[in-house]
Amino acid sequence: MIKSLRLGDLCITGLTEIESFSIPVGTLFPDLNHNLLEKLEPIAPRIMSEGLVHLTIRSWLLNKSGTNILIDSCVGAQKNRPNHSTWHKRSGSKWLRALSEKGLRPEDIDIVMCTHLHADHVGWNTKLENGYWVPTFPNAQYLCGRTEYEYWANAGEKSDEHGAFADSVLPIVENGKMKFVEDSDEIANGLSIEISPGHTPGHFCLNAEAGAIFCGDIIHSPLQLNFPNISSAFCEDPVLASTTRIKLLSKIAETSQFLIPAHFRDPGWTKIRKTELGYEKI
Ligand SMILES: [Zn+2]
């Protein structure tokens with residue numbers, strides 16, 4: 001039984017694709033002070049153990065007054081990702097089962113929004129059918145930040161991002177199903193876009209008036225609550241990512257909202273409060 005978080009008429013459920021995706025701490029956070037980390041490691045083995053940071057790869061499914069919204073679409077099935085063995089040509093059955101456990105088929109999703117266009121956030125946008133990548137969610141309006149799209153469309157060699165732009169983003173645009181959004185756009189009643197650049201140039205968060213912020217990869221691991229200024233090696237602009245993160249965490253702590261990133265371990269949501277040096281979960 002998948003656990004959901006209810007905030008008024010908003011129901012939030014995590015659809016997990018990879019429960020524990022582990023990355024060496026020095027690879028993910030090259031700037032972290034290893035002496036401090038050694039003290040933290042025994043406290044939080046689910047978050048970090050044996051020098052590996054454990055992340056979860058999941059989508060967030062929102063139901064708001066009967067509208068089904070998917071935030072980020074994980075790695076996907078049959079995607080050619082030879083540089084990541086756990087992402088390469090996956091069968092995809094686990095993620096689809098999680099969706100069907102909520103009583104939903106891909107046809108039932110109304111909106112698909114990607115906080116940014118990294119390969120682990122856009123994969124299920126498309127599925128392989130007769131040799132072509134076609135939209136997985138045939139009735140959905142897909143949403144993407146305009147700045148984000150333009151960045152990857154013009155990024156030359158970088159535009160491959162493991163090939164995700166070509167196989168998981170362009171087919172949606174070519175099918176006429178992508179709508180480009182800007183800062184402050186409301187995608188449904190009480191749900192609005194907040195541009196939050198740094199991790200990628202057009203990264204955005206989704207603000208839920210009911211009391212939550214879906215913040216994608218603004219923060220990857222709870223370790224960054226202890227060290228909010230530390231950006232990941234995957235942040236395009238680590239300094240701007242840090243500024244954005246610090247601003248966002250401060251706002252979330254002050255307003256008692258739920259912080260809901262893409263990669264925290266289950267349940268994936270938390271409230272936070274300020275500590276001397278950073279933040280802690282409540
Ligand atoms: Zn990312």
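User: Which protein atoms are the donors of the zinc ion, and how far from it do they lie?
Analyst: Keep in mind that this is a predicted model. Three histidines and one aspartate serve as protein donors here: His116 through NE2, His118 through ND1, His199 through NE2 and Asp217 through OD. They lie at a distance from the zinc ion of 2.2 Å.

User: What geometry does the site of the zinc ion have?
Analyst: Four donors would need all angles between 85 and 135 degrees to count as tetrahedral. Here the angles among the 4 donor atoms run from 89 to 171°. The upper end breaks that limit, and the site is classed as irregular.

User: What spacing do the zinc donors follow along the chain?
Analyst: Reading along the chain, the donors come as two histidines, another histidine and then the aspartate. Written out, the spacing is H-x1-H-x80-H-x17-D.

User: How many residues apart in sequence are the parts that histidine 118 and aspartate 217 tie together?
Analyst: His118 sits in the loop between strand 6 (111-113) and helix 4 (119-122). Asp217 sits in the loop between strand 14 (212-214) and helix 7 (223-226). Both are zinc donors, so the pair links parts of the chain whose separation in sequence is 99 residues.

User: Is aspartate 217 buried or exposed?
Analyst: The cut-off for buried is under 20% relative accessible area. His118 meets it at 6%. Asp217 has a relative accessibility of 2%, so it counts as buried.

User: Which residues of strand 13 point the opposite way from Phe204, Leu206 and Ala208?
Analyst: In a regular strand the side chains alternate between the two faces of the sheet. Strand 13 covers residues 204-208, and 5 of its 5 residues are buried. With Phe204, Leu206 and Ala208 pointing one way, the other way is taken by Cys205 and Asn207.

User: In strand 13, what is the bridge partner of glutamate 194?
Analyst: Strand 12 (residues 191-195) pairs with strand 13 in the antiparallel sense, over 5 bridges. Within strand 13, the partner of Glu194 is cysteine 205.

User: Which glycine has a positive phi in the turn between strand 13 and strand 14?
Analyst: These two strands pair in the antiparallel sense over 3 bridges, with Ala208 opposite Ala212 of strand 14. They make a hairpin with 3 residues between them. The turn residue with a positive phi, about 125°, is glycine 211.

User: How many residues does the largest nonpolar core have?
Analyst: Ile109, Phe137 and Leu223 have the most contacts inside this core. Beyond its neighbours within four places in sequence, Phe137 is in contact with residues including Leu70, Trp95, Ile109 and Tyr142. Apart from this core lies another of 24 residues, among them Leu10 and Leu191. The count for the largest core is 47 residues.

How values were computed. Residues are numbered from 1 along each chain as its sequence is written. This is a predicted model: local features need pLDDT of at least 70, side-chain atom pairs count only at pLDDT 80 or more; totals for chains, interfaces and linings use all residues. Side-chain values use heavy atoms; hydrogens and water are left out. A nonpolar core is a set of buried Ala, Val, Leu, Ile, Met, Phe, Trp, Tyr and Cys residues joined through side-chain atoms within 4.5 Å. Buried means under 20% relative accessible area, exposed over 50%, partly exposed in between (1.4 Å probe, protein chains only). Contact means heavy atoms within 4.5 Å. Donors are N, O and S atoms within 2.8 Å of the metal (3.2 Å for Na, K and Ca); water is not among the atoms, so sites may look incomplete. Four donors count as tetrahedral if all angles lie between 85 and 135 degrees; four count as square planar and six as octahedral if opposite donors are over 155 degrees apart and all others between 65 and 115; anything else is irregular. Helices (H or I, at least four residues) and strands (E, at least two) are DSSP runs, numbered from the N terminus. Two strands pair if DSSP finds at least two bridges between them.
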